[in-house]
Amino acid sequence: MNVPVHLRPDETFVLNLGPQHPATHGVLRVKLTMDGEYIVHAEPVLGYIHRMHEKLAEAGTFAQFMPNTARMDYLHALAFNHGWALVVEKAAGIEVPERAEYIRVITVELNRIASHLLWWAAFLLDLGGFTPLLYAFDDREQIIDLLERVTGSRLTYCYLRFGGVYNDIDDEFITGTRAFIRRLRGRLPRIYHDLVTHNIILIKRIKDIGFVSAEQCRRYGATGPVARGSGISYDVRKNEPYSVYPEFDFDIPVFPEGDSMARYMVRMHEIEQSLRIIEQALDKLPGGPVMGKAPKMLKPEAGYYYSAVETARGSLGHRLVCDGGKNPYKLKLRSPTFSNLSLFGEVAEGMLLADALAFMGSLDLVIPEIDR
Amino acid sequence: MGEENVPTSVVQFAQLDTLLNLCRANSLWPMTFGLACCAIEMMCTGGSRFDISRFGAEVFRPSPRQSDVMIVAGTVNKKLELAVRTLYDQMPEPKWVIAMGNCAISGGPFKVKENYNVIEGVDKLFPVDVYIPGCPPRPEALLEGIMTLEEKITGKRRWPRVQAGC
Amino acid sequence: MDLTETTRAALAALFPGAAAPAAPATGDETTGSAAEPAPLGVSVLDPARTGTWLAVHCRPDQVVEAARILDGQGFFLESIAGVDWPDSGQMEVLYDYNRLGGATCRVLVRARVARDEPVLPTISSVFPAADWHERETFDFYGIRFEGHANLIRILLPEDADFHPLRKDYLP
């Protein structure tokens, strides 16, 4: 889209996108000031699914908040479980056995693949293609079956505990996961790349659309595939390693173009890297217990603690303030999508509406995570 | 109090009504009203494994004016309340509402003392026909909810009820 | 000099005349309980224990200067959070900064304001990310950010008349 756009700010109308709209991936409202099909000003309005997670954290104990973490970003719920478990384990000084760390990594990476598959399906649905959704959901059902064996839930997992995980994995899970890795590796080049990634319609719709520069990412605090699609090599698993990620050999895909195609390619490559991590974790899986020693009623030492984990959407931070009591005194959830969406207003100016929706899809939004 | 048959329209077609109800029940067009986590299970139900299309309900319409049933999948907020009411009013008769998930039934995990923002159940806003509990309910539960709604519309159940223990 | 040292040296400009700190401290250093808030200054923390490399406790009017120093060093704003300390009649605002790529160094900048009149200057001129974060802090606590272009509610309904995350709020 290199044609210069001359906007007429005196001949505009206001168009309301959402909160009920198939393309907004949840209840997001965007107040668009339009000049014909071009956007003059875009203002996202949030809060339509604000569910008071930070207040509920203060109201209950540390353990009582664990189910809430899954409801924020339900697509990568295990990573949200992980972030909360990490910060409380830091604050209370709880040790996690090695087998539990490996199981955490395997399940979190499986969930990351499921999240990227659903993003892929929803993104293409926005662009007008329905069939990829059926293929992606097929693979996603395989992952959900595996995780359901172990965690008991299909979507909103509450699997991690302070000190480990509550249920061990069995041999059928391990053979099932290996079979899934083989299956997905076979399907990725044929179905995902031949059918969709190299499709001329997709390329024309998302190449050179929604350019985000690296400096914009820094000024708005965008992390995750949005930053990696703009040439910034930042992944919490490599830059601020936690759990047993240093044991694995995996790459961080970085694409410098900054357009929607780059963000798309980052996520597709991340699926392959996650498969690598899961394979290595299954090979190196040690024996031992899956729960460490943790007191029944946690009362961490007073102080300010922070933990960062890499979710499918970016760096999730938990800023925890403890006062020595059994409830958290204050929990600030640093949501990656909140920061990613804040650059929408600046980037969407001058874009065609259809391109702006393609750009929004490439940002991978999950609104309950923004509104918490 | 006893059961009462309240006619839904002024004009009654007698036997033709049975046929019309059968047609309506087997082609329920839901409105895409996935708000939160339950929306993903609704999408899974639309996928090929659980296949809501066998029940005629795969045509999710974005516009309320073209849909029969509003599946409220997710939490309704004080900020969203007016929008939800407007959407319900915009749906043409005959219309039904399925409250999917604990949040839509009663506020779910957010029905606590500190609740300042969540509406505790969509039946506070408009009448609900079928409640599907779960957090989130399995796709099979949503299909059972659709079948219960069909039973409510036609008076007959399409699938035999599964008995536990056999 | 490694990244933590260069950043600490740059931030020390906020407190001219202060002595350099001793060995890295544990989480106790930034214990901001109502009884004894930490003194003004820059402290080096243990990242394995607290997740933070440096902590700066500054006056409310110094937050913009701190943001400028960190922007000059190439940091990004990770989050802004408010904390309500009703027992000491204060509210606190926590700013988290981090590096986007390369070595990590998380910096926590804290400032305390009076609880009945919580006012701070905005840093949205330095970091546009602060726009939405400050609106959220205002929404939850009622802390006003002077100079903010659009300080309206972001998550609660526009006509809400309460600040829910204050400790004395119950619906």
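**A buried helix, two contacts and a parallel sheet**

In this predicted model, the buried residues of α14(A) are Asp355(A), Ala356(A), Leu357(A), Ala358(A), Phe359(A), Met360(A), Gly361(A) and Ser362(A). That makes eight of the 10 residues in the helix, which runs over residues 353–362 of chain A, so α14(A) is largely enclosed by the rest of the structure. As for what surrounds it, the buried residues of α14(A) pack against five elements of chain A: β3 (38–45), α4 (98–127), α7 (200–206), α11 (260–284) and α13 (344–347). After the helix comes Asp364(A), with a positive phi near 60°.

Zooming out to the whole of chain A, the count is 15 helices and eight strands. The radius of gyration comes to 21 Å, close to the 21 Å that the globule rule gives for 372 residues, so chain A is as compact as a globular protein of that length. Measured out along the principal axes, the C-alpha trace of chain A spans about 65 × 50 × 35 Å. Buried residues account for 58% of the 372 residues in the chain. Sequence-distant pairs feature heavily in the contact list: of the contacts in chain A with a separation of 6 or more, 71% come from residues 24 or more positions apart.

Chain A also touches two other chains. On the chain C side, the contact draws 36 residues from chain A and 33 residues from chain C. Elements giving two or more residues to this side of chain A are α1 (53–59), α8 (214–220), β6 (303–311), β7 (314–322), β8 (330–334) and α12 (336–341). Of these, β6(A) gives the most, with five residues. Broken down by class, the side of chain A that touches chain C has 13 nonpolar, 10 polar and 13 charged residues.

Turning to chain B, 26 residues of chain A are in contact with 29 residues of chain B. Here α1, α2 (66–72) and α5 (131–151) of chain A each supply at least two residues, and α5(A) gives the most, with four. The class breakdown for the side of chain A that touches chain B is 14 nonpolar, six polar and six charged residues.

Within chain B itself, helix α5 (residues 139–154) is a handy geometry check. At 1.5 Å a residue, its 16 residues should span 22 Å, and the end C-alpha atoms of α5(B) are 23 Å apart, which agrees. The buried residues of α5(B) are Pro139(B), Leu142(B), Leu143(B), Gly145(B), Ile146(B), Leu149(B), Glu150(B) and Ile153(B). Viewed down the helix axis, they fall within an arc of 155°, so they line one face of α5(B). The buried residues of α5(B) pack against two helices and three strands of chain B, namely α1 (15–26), α2 (37–46), β2 (69–73), β3 (96–100) and β4 (130–132). Following the helix is Gly155(B), whose phi is positive, near 90°.

Those strands belong to an open sheet of four strands in chain B, with the order β1-β2-β3-β4 and parallel pairing. The edges are β1 (30–31) and β4 of chain B, each of which pairs on one side only. Inside the sheet, β2(B) and β3(B) pair in the parallel sense over five bridges. Along the β3(B) strand, Val97(B) stands opposite Met70(B).

Methods. Residues are numbered from 1 along each chain as its sequence is written. Chains are lettered from A and ligands numbered from 1 in the order in which they are written. This is a predicted model: local features need pLDDT of at least 70, side-chain atom pairs count only at pLDDT 80 or more; totals for chains, interfaces and linings use all residues. Two residues are in contact if their C-beta atoms, placed from the backbone, lie within 7 Å. Ala, Val, Leu, Ile, Met, Phe, Trp, Tyr, Cys and Pro count as nonpolar, Asp, Glu, Lys and Arg as charged, and the others, Gly among them, as polar. A residue is buried if 20 or more other C-beta atoms lie within 10 Å of its own, exposed if 12 or fewer, and partly exposed in between; C-beta atoms are placed from the backbone. The expected span of a helix is 1.5 Å times one less than its number of residues. The arc is that of the directions from the helix axis to the C-beta atoms. The radius of gyration is taken over C-alpha atoms; the globule rule is 2.2 Å times the number of residues to the power 0.38. Two strands pair if DSSP finds at least two bridges between them.
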